[in-house]
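The exercises below ask you to work from atoms to contacts and from contacts to domains. Please try each task on the structure before reading its solution.

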Amino acid sequence: MDKIISFYFGRVLILGRTNVGKSTLLNQLVEKKIAITSHKINTTYFNITGIYNYNNYQIEYIDTPGFINKNNITHNLFINKNFDIILFVLDRNKWNDIEEKIIKIINNFSIPIIIIINKIDKISNKTILLPHINFIKNKISFIDLIMISAKNKLYISNIHKIIFKILPNKYHFFPKNYITNQTKELIISEIIRKYILKYIHNEIPYIIKIKVEPFIISSKTFTNNINILLYVKKISQKKILIGKNARILKFIISKSKNDIEIFLNKQISIKIKIKLK
Ligand SMILES: Nc1nc2c(ncn2[C@@H]2O[C@H](COP(=O)(O)OP(=O)(O)OP(=O)(O)O)[C@@H](O)[C@H]2O)c(=O)[nH]1
Ligand SMILES: [Mg+2]
């Protein structure tokens, strides 16, 4: 007689204000660096999917940009999208109108919520969280609450364990080796944005559009050329981006090149054009 194997699959939405550590958590959950993270606000720009496989379990994690909560667009996420679980990520006991907005929306859907209290490595006396946990209990009904440090990889596996228990009994949606929905072009544009964020210390990174032209990795040639277009709004922004003696642009290129080569496992050359739009 054939042995019947049960498969479990579910979609898990990661929500929370900017900078709470959602993308850091996604990378830890899928054990791969697929989302960029930074200490600056509004780092993530697109929803990023990461797949975690374990035996007959498959979890699709969806990391969201924190800024959507500020701009009242969180509810758009739920249109025509089915989520099985929500991870609501908080930065220790920080709570203000953004968290209020988020719970107003998620309380409308009967989706199980897991509260994630992140950055506990920054608290020496954990008991200060107790009154906050009581406060959250009065605000929202959740199925579990976990305290973690995404940065230090503390208690991440507890999240998987809780999710496994409530994952729907469904066939897997993705092939086993599928890790992310991001195209290589999108990942490269995210790498470049990371270094622009790093070397430019004002609001410019948020008004730059990065377009990586589609390319095919060829095993025949030693290096691959990657063409990148950066769109800025003003000539002054272009100047800042290039820097004195092109210092900043060279920095961004050399740092990005290194990361992209690791990601593609291939030597590349990068050409960046800055255009006004
Ligand atoms: N100390 C500490 N820092 C953390 C932890 N998790 C994340 N961080 C830091 O918090 C900052 C923001 O992390 P991200 O993962 O980019 O935050 P995010 O929620 O994805 O932010 P947006 O994409 O803007 O919505 C980064 O500097 C991380 O290194 C943690 O557990 N402890
Ligand atoms: Mg992020």
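## Exercise 1: A charged pair within one helix

Arg 193 and Glu 190 both belong to helix H6, where they sit 3 residues apart, about one turn of the helix. Bear in mind throughout that this is a predicted model.

Task: determine how far apart the closest N and O atoms of Arg 193 and Glu 190 are, and decide whether Arg 193 is buried or exposed.

Solution. Begin with the distance: the closest N and O atoms of Arg 193 and Glu 190 are 2.8 Å apart, and the two residues form a salt bridge. Next take the accessibility of each partner, for which the cut-off for buried is under 20% relative accessible area. Arg 193 has a relative accessibility of 6% and therefore counts as buried, and Glu 190, with a relative accessible area of 3%, is buried too.

Salt bridges can also share partners, and in this way Asp 91, Arg 92, Lys 94 and Lys 119 are joined into one network. Exercise 2 takes up one pair from that network.

## Exercise 2: Two further salt bridges

Task: for the pair Asp 91 and Lys 94, find the distance between the closest N and O atoms; then state in which helices Lys 139 and Glu 100 lie.

Solution. The structure holds 10 salt bridges, and the one between Asp 91 and Lys 94 has its closest N and O atoms 3.4 Å apart. Since the cut-off for a salt bridge is 4 Å between a side-chain nitrogen of Lys or Arg and a carboxyl oxygen of Asp or Glu, the value of 3.4 Å for Asp 91 and Lys 94 falls within the criterion. The accessibilities of the two partners are then read separately: Asp 91 is buried, with a relative accessible area of 6%, whereas Lys 94, at 42%, counts as partly exposed.

For the second pair, the salt bridge between Lys 139 and Glu 100 has its closest N and O atoms at 2.7 Å. This pair links distant parts of the chain, with Lys 139 in helix H4 (residues 130-139) and Glu 100 in helix H3 (residues 97-106), 39 residues apart. Lys 139 is partly exposed, with a relative accessible area of 29%, and Glu 100, also at 29%, counts as partly exposed.

## Exercise 3: The magnesium site

Task: identify which residues coordinate the magnesium ion (ligand 2), and place each of them in the chain.

Solution. The coordinating atoms are OG of Ser 23 and OG1 of Thr 44, at 1.9 to 2.1 Å from the magnesium ion. These two residues come from distant parts of the chain, for Ser 23 belongs to helix H1 (residues 22-30) and Thr 44 to the loop between H1 and strand S2 (48-54), with their positions 21 residues apart in the numbering. As a last step, check the accessibility: Ser 23 is buried at 7% relative accessible area, and Thr 44 likewise counts as buried at 7%.

## Exercise 4: A loop threonine and a strand threonine

Task: locate Thr 180 and Thr 49, and list what Thr 180 touches beyond four places away in sequence.

Solution. Thr 180 lies in the loop between helix H5 (156-166) and helix H6 (184-199), and Thr 49 is part of strand S2. Both are buried, Thr 180 with a relative accessible area of 15% and Thr 49 with 7%. Leaving out residues up to four places away in sequence, Thr 180 touches Ile 34, Ile 48, Thr 49 and Ile 187. Its side chain also reaches the backbone nitrogen of Gln 182 at 3.1 Å. On the other side, the contacts of Thr 49 include Ile 179, Thr 180 and Asn 181, and the C-alpha atoms of Thr 49 and Asn 181 are 5.5 Å apart although the residues are 132 apart in sequence.

## Exercise 5: The interface of the two domains

Task: describe the interface of domain 1 and domain 2 by its buried area and by its salt bridges.

Solution. The domain assignment gives domain 1 as 8-166 and domain 2 as 184-276. About 880 Å² is buried between them, with carbon and sulfur atoms giving 58% of that area. In domain 1, Ile 36, Lys 40 and Tyr 45 lose the most area to domain 2, together 59% of what that side buries. In terms of contacts, 10 residues of domain 1 meet 10 residues of domain 2, yet the rule finds 0 salt bridges across the interface.

Conventions:
Residues numbered from 1 in each chain as written. Chains lettered and ligands numbered in written order. Predicted model: local features only at pLDDT ≥ 70, side-chain atom pairs only at ≥ 80, totals over all residues. Heavy atoms only, no water. Donors = N, O, S within 2.8 Å, 3.2 Å for Na, K, Ca; no water. Helix = DSSP H or I, 4+ residues; strand = E, 2+ residues; numbered from the N terminus. Buried < 20%, exposed > 50% of the residue type's maximum accessible area, 1.4 Å probe, protein only. Polar contact = N/O pair within 3.5 Å; in protein donor to acceptor, adjacent residues only side chain to side chain. Contact = heavy atoms within 4.5 Å. Domains from an automatic or database assignment. Buried area = accessible area lost by both parts, 1.4 Å probe.
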